[in-house]
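Trainee: Could you take me on a close look at one part of this model? I would like to see how its helices and charged side chains fit together.

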Amino acid sequence: MPSDTETPAEPPRDAQAPHREEPASPDIPTSRGYGPVFAVREFRAVFIAHLLSLLGVIVSELALTVLVYGLTGSPLLSALTFALGLLPYLVGGTLFAGVADRYPARRVLVICDLICAGCVTVMVLPGTPVGGLLALRCVVAAVSPVFTGTRMAALADILGEGDLYVLGRSLLRIVSQSALLAGFGVGGVLLAALSPRGAITITAVTFLCSAALLRFGTRDRPARSDGDGGGALLKESLAGARTVLADRRIRGLMLLFWLPPMFVVAPEALAAPYADEIGVGPVALGLLMCAMPVGQIAAELYVGTALTPRLRSLVVLPAAAAGMLPLVVYGFRPGMVATVLALALVGVGSAYVIGLDQWLVAAVPQALRGRAMTLLTAGLMTLQGVGMALAGLAAEFLPVHQVIAGAGATGTLCVLLLVLEVRRAAPADRIRTEVRDGADRHMTSG
């Protein structure tokens, strides 16, 4: 599905024309960092709303886990609150994906935030049973892929389909990784000062603030698809998923988003057992958990500010193919310094998604973009959950360090095969086109 047939995105009102229209020369750097993205008023609203809703999700997860454990004394039910944050993604992202294209994006985003605010409000009521708490957690998780997919598609409307979109997506990922590092710390401070229900109450406020920012800080754009009747939402969602995955190019790009994280979660899932295996304490465990996100944040910032769109595109496939190789070091049971360095390098390798973002938005037709992005989010979260489960299962029979090394080797082999498929599925003239078209329509076969 060549992107040349798509309707050009409307230029952002607040962005200066040179940021979108100036051609990119392969010899002259055109990347100007993240400043032009923040110059777009609507993006600023989306950015702050994303930060608020993300902190709300993280803090509510932590507080809900503590609340469930306090009510039941059951470690299983407490752990289940985290698992329920992943399992409904597949259901929500597959069955409700049509919402992202059938209704105006702003309306969908605001309603999703209001649903989350309503759910956490009910959670804080003293009479809500444990079963109700877990059910409400499932609702929030099922709404999340619809919200994320709609926002990803709307970002192309706000920033266009060129370099501003790529940098905008990169900023949201950086915020997500940073929030994971800071969110649990913030949650711990809140739980030290407030009861679990009190901390959850604060998250309801963050969802409401996010809804207000999106409602009054973004334009009301029409829906991408008219649909075929109110009763056909499920059919429309499933049909959209089939259409997206039937396209060889889009399917390959989706898998390139999905497969590496499925294997990369192994060291995170097995961090505690590995720390016990090598005999290190809680401080070292914290370093093991933080090394990969720190590497990813640093790489995203560098690639987004220092590399031109052409170079970001050229490194996608090599970085994806080699990104998991540092995990093989685990097979030798290295010291903490080498292990932390290996994890940081894996995080650096994940910066390939900056260029991959542009490939996908150019490959997906505008009418399917919301469903494609929702499906992308659902698959990403689901396969990460599968990867964690498989790593834990393998560690029941094999030493932890061998499991992590095996995940790195197996993941590298799978991605190498996928890289060949992505190259074969690329349009024949894409490499020539990437140099000629510049930043605004930049894409390459890799």
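Mentor: Happy to! A search of the whole structure, which is a predicted model, turns up nine salt bridges. Side chains of opposite charge can pair when their charged atoms come close. Let's start with the pair that leads us to helix α12, the part I'd like to show you.

Arg-248 forms a salt bridge with Glu-421, and their closest N and O atoms are 2.6 Å apart. Find Arg-248 in helix α12 and Glu-421 in helix α20 (residues 400–425): the two are 173 residues apart, so this pair links distant parts of the chain. Now check how open each partner is. Arg-248 has a relative accessible area of 38%, so it is partly exposed. Glu-421 has a relative accessibility of 19% and therefore counts as buried, since the cut-off for buried is under 20%.

Glu-421 has another partner too. Its side chain meets that of Arg-424 in a salt bridge, at 3.5 Å from N to O. Both of these residues sit in helix α20, three residues apart, which is about one turn of the helix. Arg-424 has a relative accessible area of 54%, so it is exposed. Elsewhere, Arg-169, Arg-173, Glu-300 and Asp-357 are joined into one network by salt bridges that share partners. Keep Asp-357 in mind, please.

Back to α12, this time for its packing. The axes of α12 (residues 248–269) and helix α19 (residues 369–395) come within 8 Å and cross at roughly 30 degrees. Angles under 35 degrees count as roughly parallel, so α12 and α19 are roughly parallel to each other. The crossing of α12 past α19 is right-handed. On the α12 side, the contact includes Met-254, Phe-257, Trp-258, Pro-261 and Met-262. On the α19 side, Leu-375, Leu-376, Gly-379, Leu-380 and Leu-383 are among the residues taking part. Sorted by class, this contact has 17 nonpolar, three polar and one charged residues.

Next, turn to helix α18 (residues 353–363), which packs with α12 at an angle of about 155 degrees, the axes being 10 Å apart. Angles over 145 degrees count as roughly antiparallel, so that is the word for α12 and α18. Here α12 makes a left-handed crossing. From α12 come Arg-249, Ile-250, Leu-253, Leu-256 and Phe-257, and they meet Val-353, Leu-356, Asp-357, Trp-359, Leu-360 and Ala-363 of α18. The residues of this contact divide into nine nonpolar, no polar and two charged. There is Asp-357 again, the residue from the salt-bridge network. Notice Phe-257 as well: it takes part in the contact with α19 and in the contact with α18.

For a pair away from α12, look at Glu-42 and Arg-221, which form a salt bridge with their closest N and O atoms 2.9 Å apart. Glu-42 lies in helix α3 (residues 41–72) and Arg-221 in the loop between α10 (196–217) and α11 (233–246), so the pair ties together parts that are 179 residues apart in sequence. Glu-42 and Arg-221 are both buried.

Notes. Residues numbered from 1 in each chain as written. Predicted model: local features only at pLDDT ≥ 70, side-chain atom pairs only at ≥ 80, totals over all residues. Heavy atoms only, no water. Axes fitted to C-alpha atoms, helices over the stretch in contact; angles between N-to-C directions. Helix = DSSP H or I, 4+ residues; strand = E, 2+ residues; numbered from the N terminus. Parallel < 35°, antiparallel > 145°, perpendicular 65-115°, else oblique. Left-handed = near helix turned anticlockwise from the far one by under 90°. Contact = heavy atoms within 4.5 Å. Nonpolar A, V, L, I, M, F, W, Y, C, P; charged D, E, K, R; others polar. Salt bridge = Lys/Arg side-chain N within 4 Å of Asp/Glu carboxyl O. Buried < 20%, exposed > 50% of the residue type's maximum accessible area, 1.4 Å probe, protein only.
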